[in-house]
Amino acid sequence: LAKPRRSCQNAFISTAQNNTTISLPVTTKDPPGNSTGHRQRLRDKFQEKGIEALTDTEVIELLLTFGTPRSDCKQAARDALAKFGSLPEVLDASPVLLKKIKGMGPKNIFALQFVQGIARRYLRQRIQKKNYITSSKDVADYLIHALRGLRHEVFMVVYLDASHAVIDSEILSQGTINVNTVYPRELIKSALAHHAVSLVVAHNHPSGNLRPSTQDEQLTRTLYLMCSFMNITLLDHLIIGAGETVYSFADHGLMTAVQQDCAEIRSRLA
């Protein structure tokens with residue numbers, strides 16, 4: 001009798017004796033170097049358990065695959081997190097710095113910047129029409145996300161109506177923030193155009209230091225005084241640093257001091 005012959009390629013055994021065929025199970029494992037199954041498992045994990053089930057590396061990896069769906073992005077995600085230190089820092093990183101990471105190209109970087117842009121728009125629209133007094137944390141979260149990580153100083157204004165509901169927000173000035181670059185005239189003009197009754201202003205410190213400078217205090221005093229002549233109230237001045245916290249002039253009692261100083265000035269002018 002002829003011995004049965006094995007054929008791994010065809011995945012069956014033929015016997016010369018009875019000419020029967022016995023099928024063998026075929027492996028379903030991903031071939032080496034194929035990351036399709038791995039990415040699908042990450043997607044399934046997110047859909048089943050939410051974003052908290054994913055590590056920061058896995059989040060970055062999935063974002064990178066949106067730009068290059070056929071590439072293995074695991075190592076690039078690890079390298080990005082190791083270089084910048086955190087997920088927010090990766091999202092805030094400039095394209096010039098991201099390109100230095102092996103495996104990062106224009107399409108990957110576009111995916112990171114696009115999701116960052118979506119997050120900013122989402123947070124901005126989320127605070128509109130909400131009462132600032134009861135939703136100040138939401139406003140702070142938006143400002144942190146919008147201003148943190150910028151390499152230059154930006155001055156932003158949040159416009160409020162008579163009930164302290166958020167009307168809108170916008171960047172009013174860029175560059176070194178002081179009395180000479182933030183013109184009270186432009187602030188008043190824009191506030192009137194938005195029909196604002198109250199304002200919250202904010203700017204970032206790229207250095208990460210939250211402590212207000214002498215110029216910050218002088219600017220706050222000038223803006224408060226100019227707004228008061230137009231019956232517009234400056235409620236707070238926020239400073240955004242590198243982390244998740246903000247410095248509030250109001251919370252630290254500085255707005256009360258500014259208000260008293262400006263009241264004395266106006267009384268002398270009366």
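Which side chains does a polar contact of 3.3 Å join? Hold on to that one for a moment, everyone, and thanks for coming. A quick word before the answer: what we have on screen is a predicted model.

So, the answer: the 3.3 Å polar contact links the side chains of D92 and R148. D92 belongs to helix 4, residues 87-92. Is D92 buried or exposed? Its relative accessibility is 11%, and because buried means under 20%, D92 counts as buried. If we set aside neighbours within four places in sequence, the contacts of D92 are Q116, R120, R148, G149 and R151.

Now let me take you to the sheet. This is an open sheet of five strands, with mixed pairing and the order 5-4-6-7-8. At the edges sit strand 5, residues 166-174, and strand 8, residues 246-248, each pairing on one side only. On average, and ignoring direction, neighbouring strands here are turned by 20° against each other. Helix 7, residues 136-147, packs on this sheet and touches strands 4, 5, 6, 7 and 8. The direction of helix 7 makes about 155° with that of strand 4.

Strand 4 deserves a closer look. Strand 4 covers residues 154-160 and runs antiparallel to strand 5, with seven bridges joining the two. If you want to find the register on your own screens, V157 stands opposite E170, and L160 has V166 as its bridge partner. The hairpin between strand 4 and strand 5 has five residues between the strands, and there H164 takes a positive phi near 65°. With strand 6, strand 4 also pairs in the antiparallel sense, this time over six bridges. In that pairing, M156 stands opposite A202.

How many residues of strand 4 are buried? Seven of its seven, as it turns out. Both faces are covered: V154, M156, V158 and L160 lie on one side, with F155, V157 and Y159 on the other.

That brings us to helix 9, residues 214-229. Helix 9 has 16 residues and reaches 23 Å from first C-alpha to last, close to the expected 22 Å. Its buried residues are D216, L219, T220, L223, Y224, L225, C227 and S228. As a reminder, an α-helix has 3.6 residues a turn, so residues three or four places apart point the same way. What do the buried residues of helix 9 pack against? Their partners are strand 4, helix 8, strand 6, strand 7 and helix 10. After helix 9 comes N231, another residue to click on, with a positive phi near 60°.

Let me finish with the nonpolar cores. The largest has 23 residues, and those with the most contacts inside it are F155, V157, L199, L223 and L234. Strand 4, helix 8, strand 6, helix 9, strand 7 and helix 10 each give two or more residues to this core. Which element gives the largest share? That is helix 9, with five residues. Apart from this core lies another, of 22 residues, including L87, L98, M104 and L112.

So that is the tour, and I'm happy to rotate the model for anyone who would like a second look.

Technical notes: Residues numbered from 1 in each chain as written. Predicted model: local features only at pLDDT ≥ 70, side-chain atom pairs only at ≥ 80, totals over all residues. Heavy atoms only, no water. Pairing = 2+ DSSP bridges. Helix = DSSP H or I, 4+ residues; strand = E, 2+ residues; numbered from the N terminus. Axes fitted to C-alpha atoms, helices over the stretch in contact; angles between N-to-C directions. Contact = heavy atoms within 4.5 Å. Buried < 20%, exposed > 50% of the residue type's maximum accessible area, 1.4 Å probe, protein only. Expected span 1.5 Å × (residues − 1). Core = buried A, V, L, I, M, F, W, Y, C linked by side-chain atoms within 4.5 Å. Polar contact = N/O pair within 3.5 Å; in protein donor to acceptor, adjacent residues only side chain to side chain.
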